[in-house]
Amino acid sequence: MANPRIAILMGSKNDWAVMKSAADVLEGLEVECDVRVISAHRTPERHRQYIQSAEERGIEAFICGAGFAAHLAGVTAALTPLPVLGVPLDSSALDGLDALLATVQMPGGIPVATFGIGKAGAVNAGLFAAAILARSDPQVRKRLDEYRAEQTAAVPETPFEE
Ligand code: RP5
């Protein structure tokens with residue numbers, strides 16, 4: 001990718017099956033992404049270096065997916081003033097509730113915009129990241145409007161239609 005504008009980070013390669021949904025949404029909207037495995041606790045130096053050089057490389061927002069005691073989004077937000085979108089993942093015995101609470105319950109001062117657990121959250125984080133770009137990019141806005149129009153047109157009038 002030549003000019004990625006959104007970074008999609010995940011704590012483990014095992015998170016990709018879900019986080020791919022965010023990447024797919026953004027690819028469909030022709031928004032370039034940089035996709036990385038970065039763990040706040042397993043690769044703290046990789047994390048810090050990536051975040052602190054991201055803005056000068058053109059990254060405008062971060063989507064962070066993590067499971068268990070998920071702190072990837074919170075630590076990312078601590079390292080940058082750019083928007084951070086957190087996706088809690090269902091990878092533990094607590095079915096993602098642990099990650100949801102860890103991501104959403106940031107103490108006042110360092111915000112993380114938190115989405116639903118799993119695939120729906122990843123899809124919505126991708127759409128929300130596009131909405132951020134759409135504020136100043138008419139092409140992304142146009143494609144976002146088309147995405148919604150197609151979604152609306154795909155809803156049948158009755159449950160009996162194919
Ligand atoms: C978190 O721990 C990751 O985001 C992942 O969801 C979870 C488990 O990671 P693995 O042990 O599967 O690599 O850091």
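Q: Which elements each supply at least two residues of the lining of the second largest pocket?
A: This is a predicted model, in which local features need pLDDT of at least 70 and side-chain atom pairs count only at pLDDT 80 or more, while totals for chains, interfaces and linings use all residues. Residues are numbered from 1 along each chain as its sequence is written, and side-chain values use heavy atoms, with hydrogens and water left out. A pocket here is an open set of points on a 1 Å grid over the protein atoms alone where a 1.4 Å probe fits, with protein on both sides within 12 Å along at least five of seven lines, and its lining residues have an atom within 4 Å of a point. For the second largest pocket, the elements that each give at least two lining residues are α5 (119-134) and α6 (138-153).

Q: Which helix (a DSSP run of H or I, at least four residues) gives the most to the lining of the second largest pocket?
A: The lining of the second largest pocket includes Phe115, Asn124, Leu127 and Phe128, and also Arg141, Leu144, Tyr147 and Gln151. The greatest share, six residues, comes from α6.

Q: How many residues of the lining of the largest pocket are charged (Asp, Glu, Lys or Arg)?
A: The largest pocket is lined by 16 residues, and Gly11, His41, Arg42, Gly67 and Phe68 lie nearest its centre. By class, this lining has six nonpolar and eight polar residues, and the number of charged ones is two.

Q: Which residue has a side-chain N or O atom 2.6 Å from an oxygen atom of the ligand?
A: Among the residues around the ligand (those with a heavy atom within 4 Å of it) are Asn14, Asp15, Gly67 and Ser91. An oxygen atom of the ligand lies 2.8 Å from a side-chain N or O atom of serine 91, and a backbone N or O atom of glycine 67 is 3.1 Å from a ligand oxygen atom. The 2.6 Å distance, from a ligand oxygen atom to a side-chain N or O atom, belongs to aspartate 15.

Q: How many residues of the shell around the ligand are polar?
A: The shell includes Gly11, Ser12, His41, Arg42, Ala66 and Phe68. Two of the shell residues are nonpolar and two are charged, while the polar ones number six.

Definitions and conventions: Polar contact = N/O pair within 3.5 Å; in protein donor to acceptor, adjacent residues only side chain to side chain. Nonpolar A, V, L, I, M, F, W, Y, C, P; charged D, E, K, R; others polar.
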